[in-house]
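Biologist: I should like to understand how descriptive terms are justified by computed values. May we examine one case together?

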Amino acid sequence: MQFRDLQKQYQVLKSDIDQAISQVLTDGNFISGTQVAELEEKLATCVGTKHCVTCGNGTDALTLALMVWGIGAGDAVFVPDFTFFASGETPAYAGATPVFVDVEEDTFNISPASLEEAILEIKREGKLTPRVIVAVDLFGQPADYPRIRQIADRYGLLILEDGAQGFGGRIGQQRACSFGDISTTSFFPAKPLGCYGDGGAVFTDNDEWALLLRSYRIHGKGTDKYDNVRIGMNSRLDTLQAAILQVKLRAFEKYELTEVNQTAERYTKLLGDIVKTPKVRKEFYSSWAQYSILLKDEAQRDGLQAYLKEKKIPTMVYYPKPMSRQGAFRGMDCVKTDLSVTADLCRRVLALPMHPYLTKEEQDVVIEEIKGYLKF
Ligand SMILES: *Cc1c(COP(=O)(O)O)cnc(C)c1O
């Protein structure tokens, strides 16, 4: 059994993917081939934003957004304490101070109450200017954007949606990667929509920002690549990845998203009485980048993980360490409020095998072994 079965996915999509790759090899336009612009159009339509600008990876996507907004020294950027490192790394890389905010135990996403408390504390101290909220769609579920938007408006902040894990999620009919003033995603192979290497994208409705994104991603280009009007970076999605993603996007929309939701429903139905299962808010829809359960304590979590490993069931701990306790942020004055929910989650969380090609039989094995270990 695989935690995320990319080999099986390839076997299913093989003829289309091989053909798409072969077309790129025949054309020879490995950078900025027509497949890249086509993909950007398809992604923008799918998500419902005016612009999609692809780039080298999900980390660069965040950096590009912060560059467009001119975020740097003296700025405070609010980031959930429970997320992948890049969400907090990129504001720090831009020279700003990431201020870590606690999350909600039920959804693993940024807590609006903790967010407002952190903003007020930064304003009270008066040393940093509050500028951006990085809202992460953790494990596939959109953050609580209706409430985060109210807070952003109240204090005049921008929302950067880190949708690296969130592509495919929704609130009502509105799709993830359209909730931020700028939103980003990642096509790292194991993300909900993954390519066969590194890749990322930035989404926005703002024409001026879209132009800046297109400039920053190619050496701050002006009218062409050899007219450089600002300091940028080299961060493009290559044509091979764009061609592969066009095939994968079709499968994602056609059935993969439905499949992972059926698996999640089944896990929740059959495990909900013995462990704490993840909660999806009313009207919210998750793309299930991860299905993470909560155990009683660290000993039970580690015991279960070791037991499942013996039974050849792969699991992962996302995340073992709060952002605020990462050595890289030491000395940065990133903590303003209580972060105890995150600390607790890091000790108790365990992600189970989850992908669109996980069979019912495999799901049953996972469920039965968990029940066996916990003696139900
Ligand atoms: C994976 C991930 C990123 C970074 O994406 P890369 O493509 O690996 O650079 C950023 N934020 C979150 C929440 C992620 O899970």
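Modeller: Let us begin with the ligand, in what is a predicted model. A backbone N or O atom of glycine 58 lies 2.7 Å from an oxygen atom of the ligand.

Biologist: What makes this pair of glycine 58 and the ligand a polar contact?

Modeller: A polar contact requires a pair of N or O atoms within 3.5 Å. The pair at glycine 58 consists of such atoms at 2.7 Å, and therefore it qualifies.

Biologist: Which atoms of aspartate 162 and lysine 191 approach the ligand?

Modeller: In aspartate 162, an N or O atom of the side chain is 2.7 Å from a nitrogen atom of the ligand. In lysine 191, a polar side-chain atom lies 2.6 Å from an oxygen atom of the ligand. Of the 380 Å² of accessible area that the ligand has on its own, the protein covers 93%.

Biologist: How many residues surround the ligand?

Modeller: There are 14, and the closest are Gly58, Thr59, Asp162, Ser186 and Lys191.

Biologist: Why is aspartate 75 called buried?

Modeller: The term buried applies under 20% relative accessible area. Aspartate 75 has 8%, so it counts as buried. This residue is found in strand E2, residues 75–80. Its side chain reaches the backbone nitrogen of glycine 72 at 2.9 Å. Among the residues that aspartate 75 touches are Ala96, Leu128 and Arg131.

Biologist: Why, then, is aspartate 302 described as partly exposed?

Modeller: The relative accessible area of aspartate 302 is 36%. Partly exposed covers the range between 20% and 50%, so aspartate 302 belongs there. Its place is in helix H9, residues 298–310.

Biologist: How do you know that helix H1 is not straight?

Modeller: Helix H1 comprises residues 6–27, which is 22 residues. A straight helix would reach 32 Å at 1.5 Å a residue, but the end C-alpha atoms of H1 are only 27 Å apart. There is also a kink of about 80° in H1, centred on leucine 13.

Biologist: Which residues of H1 are buried, and what do they pack against?

Modeller: Gln9, Leu13, Ile17, Ala20 and Val24 are buried. The buried residues of H1 pack against helix H2 (34–47) and helix H8 (239–271).

Biologist: What makes aspartate 5 a cap of H1?

Modeller: A side-chain oxygen of aspartate 5 lies 3.4 Å from the backbone nitrogen of glutamine 7, at the N-terminal end of H1. The limit for a polar contact is 3.5 Å, so this pair falls within it.

Note on methods: Residues numbered from 1 in each chain as written. Predicted model: local features only at pLDDT ≥ 70, side-chain atom pairs only at ≥ 80, totals over all residues. Heavy atoms only, no water. Helix = DSSP H or I, 4+ residues; strand = E, 2+ residues; numbered from the N terminus. Buried < 20%, exposed > 50% of the residue type's maximum accessible area, 1.4 Å probe, protein only. Expected span 1.5 Å × (residues − 1). Bend = angle between axes of the 7 residues up to and from the residue. Contact = heavy atoms within 4.5 Å. Polar contact = N/O pair within 3.5 Å; in protein donor to acceptor, adjacent residues only side chain to side chain. Near = heavy atom within 4 Å. Areas by Shrake-Rupley, 256 points an atom, 1.4 Å probe, with all protein chains shown as cover. Lists of a residue's contacts leave out its neighbours within four places in sequence.
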